Amino acid sequence: MVYGIHPVAGRMPGHMNVLLAEANVPYEQLKEMDDVNGQMPLTDVVLVVGANDVVNPAARNSPGSPIYGMPIIDADHARGIVFLKRSMPPGFAGLDNALLYDPKTTMLFGDAKATLSALVTAVKTA
């Protein structure tokens, strides 16, 4: 398992690295965006937690979008996507994210900590 981290994910740059370190995630499992993007087409399932703009394909595909040209994690290139969010409102940029409606995407709604704990338990008992 690896954790792909967008450089500006969280409330400030490096925020996600700090949170994952506090959760005792081994540093070797933390990967920069450029390192994970090349692996996305080979990835069976990507779990997107709470992100929106940093995985929005509009940054690549929609020249009129205000985020066009912004580097993103290419989650849409994975074979399957599980997108964990509290609700459907758009991200900071105020844009809808086509990834939420991709046929490969399964939406999982809820509080991240509780939902991830339940997901881990379900996978372990399967």
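**Exercise 1. Decide whether Pro 103 is buried or exposed, and say where Pro 103 is found.**

Solution. Start with the place: Pro 103 lies in the loop between E4 and E5. Strands such as these (E, at least two residues) and helices (H or I, at least four) are DSSP runs, numbered from the N terminus. Next, learn the scale: buried means under 20% relative accessible area, exposed over 50%, and partly exposed in between, using a 1.4 Å probe and protein chains only. Pro 103 has 82% relative accessibility, so it counts as exposed.

Before you go on, note that this is a predicted model, in which local features need pLDDT of at least 70 and side-chain atom pairs count only at pLDDT 80 or more, while totals for chains, interfaces and linings use all residues. Residues are numbered from 1 along each chain as its sequence is written, and side-chain values use heavy atoms, with hydrogens and water left out.

**Exercise 2. Work out the order of the strands in the open sheet, and explain why E3 and E5 each have one side without a neighbour.**

Solution. Begin with the order: the three strands of this open sheet run E3-E4-E5, with parallel pairing. Strand E3 (46–49) and strand E5 (105–109) are at the edges, and each has a single partner strand, so one side of each has no neighbour in the sheet. From one strand to the next, the twist averages 20 degrees.

Now look at the pairs, remembering that two strands pair if DSSP finds at least two bridges between them. E3 and strand E4 (residues 81–85) pair over four bridges in the parallel sense. Along this pairing, Val 48 stands opposite Phe 83 in E4, and Val 49 stands opposite Leu 84 in E4. On to the other pair: E4 and E5 run parallel and are joined by five bridges. Leu 84 has Leu 108 as its bridge partner in E5.

Finally, check the cover on E4: four of its five residues are buried, so "mostly covered" is a fair description.

**Exercise 3. Find which residues Thr 115 touches, and decide whether Thr 115 is buried or exposed.**

Solution. First, locate the residue: Thr 115 sits in helix H4. At 14% relative accessibility, Thr 115 counts as buried. For the touching residues, use the rule that contact means heavy atoms within 4.5 Å. Not counting residues up to four places away in sequence, Thr 115 touches Leu 84, Leu 108, Phe 109 and Gly 110. You have already met Leu 84 and Leu 108 as bridge partners.

**Exercise 4. Describe the place of Asp 76 and name its contacts.**

Solution. Asp 76 belongs to the loop between helix H3 (58–61) and E4. With a relative accessible area of 12%, Asp 76 is buried. Setting aside neighbours within four places in sequence, Asp 76 is in contact with Pro 57, Arg 60, Ile 81, Leu 99 and Lys 104.

**Exercise 5. State where Asn 24 is found and what stands out about its phi.**

Solution. Look in the loop between helix H1 (15–22) and strand E2 (30–32) to find Asn 24. Its relative accessibility is 67%, so Asn 24 counts as exposed. Then read the backbone angle: phi of Asn 24 is near 65 degrees, a positive value in a residue other than glycine.

Note on methods:
Axes are lines fitted to C-alpha atoms, for helices over the stretch in contact, and angles run from 0 to 180 degrees between N-to-C directions.
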